[in-house]
Amino acid sequence: MTSQPILRLRNVVKTFGSFTALPGVNLDIEEGEFFTIVGPSGSGKSTLIRLLVGMDEVTEGEIWLRDRRIDQTPANQRPTCMVFQSLALFPHMSVGQNVEFPLKLRKVPAEKRRDRALELLDLLRLPQSYYSKRISQCSGGERQRVALARALAFDPEILFFDEPLSALDYRLRKTLEKELKDLHSRTGKTFVYITHSLEEAMVMSDRIAIMNKGHFEQIAVADEIYGRPVNRFVAEFMGEVNLFDVTGTDGGGLSGAGLESHMNGHAETCGVAMAPGATGTLMVRPEYVRFLASSDTADFTLRGILHGEYALGSRIQYEVETLGGQVITVEKLREDRVDRQPGAEVVLGFDGDHVHLIRGQ
Amino acid sequence: MKTSQTTRIALYVYGVAIIVFLYLPLVSVGFASISKARYLSFPIRHYSTKWYAEALRSDTVSDLLFTSLKVAVIVTLVSMVVAFFGALAFARYQWRFCSLFQKLILLPIFFPQTVLGLALLMWFNSVGVIPSWKTAVVAHLVWIAPIATLIVAIRAYSFDPALEEAARDMGASTVTILREVTLPLLMPGLVSAGLFAFLLSWGNFPLSLFTTGADSTLPEWLYAKMVSGYSPLVPTLGVMSVVGSFALILLAMSIGWLVRSVREARAG
């Protein structure tokens, strides 16, 4: 991905009356990548995608598709296409007519349209008999595939997705996430996906942008965002997390929130060395926290009372309240279940390799 | 919930009472129309279809039917066009005076029709238009177009705006979107609006009475004959009018059914 980005946003501003939805967004999306924008509702991600496909006009700023400026181009003249949250399949047309719609607009002859539609049904693993089905006869998952086939029939330069999986049940969503990722690698197209679900983003994306209040908090690959968030918002948004307010101590270590540090000098190699008096937030994900037996050691230890135990399917989640009143979340695989009763006093530990320090917050 | 025996019986009695109440008068008109006698009296002694034959022969009757039909058809067509665009303005687009428009357009429905008819007549007079069946068309439209708009608007509310956006996104122009997406989706609403418009115009008396001038529609004539100069032609035409409306509804329904099955056959 060294070539020119396929999509560039330069200082894009969108206001509605006196409300500023996007104060000035800059973004580069690379050719062929699966790029996901994740954010809570009201973060401006839907506003942004509407600008990108041309449903709304930018207030200020520029959108470039390769070397063509497109922010003033109406939606029906942009070579991009979107899969809507509601899918927006035409209920008065059959599956085939839906898929052929963009081709019909381009005056492709009927026979060619049909061939292409059947080809796309194949690609989306829908039986050819679906060609003549009505949309109302299709299940939720099948409708997703029809919507995708229709968007692919358009043959867009960039395919946009506005939370198309949000209305489906868990199992189907999981299946379709994988299919979508698979489809992305088979078609080689640039996918830009919007969701509020971190899981969806993690499963499918090459890169993830975390959006909050109209700007990007962090744009990076999934592992980076999960393991090395730039701030508390990203850390908390990307799933369960334990955060500790810490201060640098004289010996190059850190302390705070009831943590005992036993780093013994390798704070440097773990990237958590702090200047004396500096403040920061130490992050550790629940799966890296261990229950320590009296003989065990760890880089950081912490005492608390075991509060509750919750089964999350394949994993068990524990809540431990520290002496300072902070609730720590611990997750273990079911096979590593810990034999301790609620109310028991426990010692928790985690290692420097698994923590991440957010400085200055 | 299981309905008890008494509830069920009560429901049957209620249902039958409603049907009797609604349809018995119609049946008696039907009987009156096939009586041979000049005046209405029960029981009917001699049955005859002579009044039907007379109706079909009479020039007055064909003039009446033609005037009523002319008015109703024009009102229907204009209402459907107005309702289509009105409903889009009503339900699909957000614009500055939308909520004012929504209220204003409904207002004529709430005016008593006699007042509306009188008001329109005075207005026609003051602008120097001589009342005829054409002014009746305008009068009917003032009352019927809002109703038709409302019927289409209900349909317009129920469809996803994203459908139009999706069509645009895939390259459709505004005209193409109207033709390929909006119109087909609003079609069921438009058909019902058209039916309503026709039937409301066909049966309308108060507005016609004030605004047709020298022309006369069927309901006006029926009333005039009832008041003076009754003949069994009155119930005869009444029955013909009801049968005609009924046939129209059947026709519309079968066209709908035909369109659906053709579409399905084509898709299959």
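## Two helices, a contact and two cores

In α1(B), a kink of about 35° is found at Tyr23(B), shortly before the proline Pro25(B). The bend at a residue is the angle between axes fitted to the seven residues ending there and the seven starting there. Helices (H or I, at least four residues) and strands (E, at least two) are DSSP runs, numbered from the N terminus.

This is a predicted model, in which local features need pLDDT of at least 70 and side-chain atom pairs count only at pLDDT 80 or more, while totals for chains, interfaces and linings use all residues. Residues are numbered from 1 along each chain as its sequence is written, and chains are lettered from A and ligands numbered from 1 in the order in which they are written.

α6(B) also bends, by about 40° at Val142(B), and the proline Pro146(B) follows within four residues. The expected span of a helix is 1.5 Å times one less than its number of residues; for both helices it agrees with the distance between the end C-alpha atoms.

| Helix | Residues | Expected span | End C-alpha distance |
|---|---|---|---|
| α1(B) | 5-33 (29 residues) | 42 Å | 41 Å |
| α6(B) | 133-157 (25 residues) | 36 Å | 35 Å |

A residue is buried if 20 or more other C-beta atoms lie within 10 Å of its own, exposed if 12 or fewer, and partly exposed in between, with C-beta atoms placed from the backbone. The number of buried residues in α1(B) is two of 29, so this helix lies largely in the open. α6(B) is mostly covered, with 19 of its 25 residues buried.

Chains A and B each give 17 residues to their contact, two residues being in contact if their C-beta atoms, placed from the backbone, lie within 7 Å. On the side of chain B that touches chain A, α7 (161-169) and α8 (174-202) are the elements giving two or more residues. α7(B) gives the most, six residues.

A nonpolar core is a set of buried Ala, Val, Leu, Ile, Met, Phe, Trp, Tyr and Cys residues joined through C-beta atoms within 7 Å. The largest has 96 residues, of which Ala149(A), Phe160(A) and Leu282(A) touch the most other members. Helix α4 (residues 140-154) of chain A supplies its largest share, eight residues. Beyond neighbours within four places in sequence, Ala149(A) contacts Val99(A), Leu120(A), Leu121(A) and Leu124(A). A second, separate core has 35 residues, including Val82(B), Ala83(B), Ala136(B) and Leu209(B).
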